[in-house]
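Here are some friendly notes to read alongside the model. Take the points in order, with the structure open beside you.

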Amino acid sequence: MDQGVLQELADRFGQAAVLAQPTRDGIPTAWVSSELLAAVLRYLKSSPKGAYPMLWDITAIDERTRVHREGQPPSDFTVVYHLLSLERNQDVRIKVALSGEHPSIGSVTTVYSNADWYEREVWDMFGITFDGHPHPFRILMPPWWEGHPLRKEHPARATEMGPFQMSSEDAARMLSMMEFRPEDWGMKRESQEHEFMFLNFGPQHPSTHGVLRFVTQLDGEEIVDVVPEIGFHHRGAEKMGERQSWHTYIPYTDRIDYLGGVLNNFPYVLAVETLAGITVPDRAKVIRIMMAEIFRIISHLVYFGTFTADLGQMSMVFWMFTDRERAFDIVEAVTGGRMHPAWFRIGGVAQDLPTGWDTMVRDFCAYMHKRLRDYDASVMKNRIVKARMVGIGTVSAREALEWGATGPFLRGSGVSYDIRKNRPYGGYDMFQFDVPTATHGDSYDRLAVHVEEMHQSLRIIEQCLAGMPGGPYKSDHPLATPPRKERTMHDIETLINHFLGVSWGPVIPPGEATFVTEGSKGNHGYYLVSDGGTMSYRTRIRTPSFAHIQMVPMMSRGLTVPDLVTILGSIDYVLADLDR
Amino acid sequence: MHAESAGVRASTYGDLYLARRADLLAWSRKYSIWPFNFGLSCCYVEMATSITSKYDIARFGSEIIRGSPREADLMVVAGTVFVKMAPLVLHMYEQMMEPRWVICMGSCAGSGGMYDIYSVVQGVDTFLPVDVYVQGCPPSPDAFIRGLVLLGEAVASEKRPLSWLVGPQGVVRSAKPSLRDAMRPERQKQTDLRSPDGL
């Protein structure tokens, strides 16, 4: 990948201030000092040679026990800023080395608005303080938690921490700690004329689609402000990566965007393959893409159905779940599973397609086209539905970029950016499809983009059907897992390698790689750090829902509570994708 | 009519059914278990799928999904019980009125499942009484319906006091049989597994 941006930084800030680090994924990576950080980010955000308008991710690495750090400056904790440029179609990674047990660094919320939640997450997970952060509170862990889970000294397993006990008094104490205090958020309890009402929405509410809480500050019916509270669904997926082998982590990825099935396996296996240098045979590529697109339709159908149900149109959810079952028939026939097939493997897929798969897929495509036309008539052209959606939760292209929106959300705001098209991965360059966009960025547009994407997915599936290549479904690379078994009974060397590959799992060479794919809800990215072991040293999962839910306050100010329901329905988020 | 349940018998007089009052109440409870619209994670999606047309839990009298715990009879703990969520789960359970039942759906709710991790409670039965465990990750809608039917059977054979004046006051719940043991002979008969290479 073009490393020109690093030269540009060196020219601007001096050769000594910028230390380049080669990575396996080729994303330009530079170490800068914490004093220079804000200036570097501000420069990149409006760089004359191609701006980086989006802060894609902030995360950290606890480096204290890492062995392979060749060419990197000494650091106890490293904070990593990942920026995205549409103009250059390139990312850049800025790293800052921090020393000490509980280091601090300046907040960059004044440079990128969406740094707010990412910095809170880093504080919560690593205990790194961000000076000047407006709301330096925990975000994922409950307020009574002690310690910072992603630090190496924090236990990973619940069973290492003693049995869970909670009496009624404990529960009452915990609930009182979660009580909302407007003063913490700089909110007033009354204006000059009225007292505000604080309405609690969630964490148990049908319209939040899971365990997620919003506290709304209301002036009559009007929403003055909203404070989302997340973390109720935090399942420790990142820490889990540090104790599962590279191979046995695959089932955990399914459960990130739990409606997206193999769409989650995709970025993970691609990131591991990047680290290991594995190329995948064509048949495996096309099988992967076909299954991924089937899951995109499955996920979009749930979104479509539940969104309209939120607005009171109850029949669609029943129709769409029936369609989803038809797609699951294919998934069951191919993978044996339903929602979480964990079916991709490092170097290919788990199994070849069963005989007769093509008839099933062909029937499904023919059926689905007709159903989508029916939905156009009953939902997209329905004036009551339109009245609830049009003009609600409008997000401009500039705002969408500023807040890190990706996927159908970003395209609904008029930005044509689809990783499958702009940076074809895993074989997407072999396929013809369009990237649908809309113009207004309101709830209706986000839905319209999703609907059109289903048509495009069907188009891709039909191309897979027409041109499924022959050949192996898994790579012959020695790190492909599980290893090939055929020759194990012929020589001892192959037997030993097979035994180790199956019992301990593959040893992935040291290095770092991020892989970003187009999930059903936006960009999924896995940032993997290997220290040359059978497990990842650090697994960072960048998910779209986290970025999108952070935008809810901005989208809903000045509207009413029913509009908030529309906005949430239109976002297409899922709780495990939000809290991981 | 789903009659002929425990204690409710058809008589020889056509459409006339005979039962003791306690049995009739248990029988009607069995066919009107209203679930609480509550879900924690992935399992909830499969629970919701069981409401939709292909599976349809209305066939078992559970189509009325209640948004408030005060109106619900059944809490399906569908999904991972997170440490941050645990006090809220207990709070909502305490808001449900007797008689109330709990189905523990999925491996996470049962034991933590594949999430032996700091933020997950290793089994909801550490703080809630569970009536039926449904296994799976997530259990298919069929498995959930099976759990619901099992619960219905348990509810029909439960003995509850008729009033605070009449009879013994305790609730006599039916025993929880182990399905693993019950189904072992049948499962052992299965010796040929279908190849995954065909449909």
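Which residues touch the most other members of the largest nonpolar core?

1. **The core.** Please keep in mind that this is a predicted model. Its largest nonpolar core has 211 residues, and those touching the most other members are A:V79, A:V272, A:I294, B:V77, B:V81 and B:M105. Among the elements, helix 8 of chain A, residues 282-310, gives the most to this core, with 16 residues. As background, nonpolar side chains tend to be buried together in soluble globular proteins.

2. **One residue of that core, seen up close.** B:V81 is a good place to zoom in. Setting aside neighbours within four places in sequence, B:V81 is in contact with B:L40, B:A86, B:V89, B:C108, B:A109, B:V120, B:V121 and B:V124.

3. **Chain B as a whole.** Chain B has six helices and five strands. Reading from the N terminus, the order of its elements is β-β-α-α-β-α-β-α-β-α-α. Along the principal axes, the C-alpha atoms of chain B fill a box of roughly 55 × 45 × 30 Å. Of the 199 residues in chain B, 40% are buried. If you count contacts in chain B between residues at least 6 apart in sequence, 70% of them join residues at least 24 apart.

4. **Where the chains meet.** How many residues does each chain bring to the contact? Chain A brings 45 residues and chain B brings 43 residues. On the side of chain A that touches chain B, the elements giving two or more residues are helix 4 (168-177), helix 5 (237-241), helix 9 (315-335) and helix 20 (575-579) of chain A. Helix 9 of chain A gives the most to that side, with five residues. By class, the side of chain A that touches chain B has 26 nonpolar, 13 polar and six charged residues.

5. **Helices 7 and 8 of chain A.** Helix 8 of chain A, met above as a contributor to the core, also packs against helix 7 (residues 262-276) of chain A at an angle of about 135°, with the axes 8 Å apart. That angle makes helix 7 of chain A oblique to helix 8 of chain A. From helix 7 of chain A come A:V262, A:L263 and A:F266, which meet A:R288, A:M291, A:A292, A:F295 and A:R296 in helix 8 of chain A. This contact of helix 7 with helix 8 of chain A has six nonpolar, no polar and two charged residues.

6. **Helices 10 and 15 of chain A.** Helix 10 (residues 357-380) and helix 15 (residues 443-466) of chain A pack at an angle of about 160°, their axes 10 Å apart. The two helices are therefore roughly antiparallel to each other, and their crossing is left-handed. Helix 10 of chain A offers residues including A:D358, A:C365 and A:M380 to the contact, while helix 15 of chain A offers residues including A:A448, A:H455 and A:L465. By class, the contact of helix 10 with helix 15 of chain A has 11 nonpolar, two polar and three charged residues.

7. **A last stop at A:E399.** Is A:E399 buried or partly exposed? A:E399 lies in helix 12 (residues 397-402) of chain A. A:E399 is partly exposed, because 16 other C-beta atoms lie within 10 Å. A:E399 and A:L353 are 46 residues apart in sequence, and their C-alpha atoms are 43 Å apart in space.

How values were computed
Residues are numbered from 1 along each chain as its sequence is written. Chains are lettered from A and ligands numbered from 1 in the order in which they are written. This is a predicted model: local features need pLDDT of at least 70, side-chain atom pairs count only at pLDDT 80 or more; totals for chains, interfaces and linings use all residues. Axes are lines fitted to C-alpha atoms, for helices over the stretch in contact, and angles run from 0 to 180 degrees between N-to-C directions. Helices (H or I, at least four residues) and strands (E, at least two) are DSSP runs, numbered from the N terminus. Angles under 35 degrees count as roughly parallel, over 145 as roughly antiparallel, 65 to 115 as roughly perpendicular and the rest as oblique. A crossing is left-handed if the near helix is turned anticlockwise from the far one by less than a right angle, and right-handed if clockwise. Two residues are in contact if their C-beta atoms, placed from the backbone, lie within 7 Å. Ala, Val, Leu, Ile, Met, Phe, Trp, Tyr, Cys and Pro count as nonpolar, Asp, Glu, Lys and Arg as charged, and the others, Gly among them, as polar. A nonpolar core is a set of buried Ala, Val, Leu, Ile, Met, Phe, Trp, Tyr and Cys residues joined through C-beta atoms within 7 Å. A residue is buried if 20 or more other C-beta atoms lie within 10 Å of its own, exposed if 12 or fewer, and partly exposed in between; C-beta atoms are placed from the backbone.
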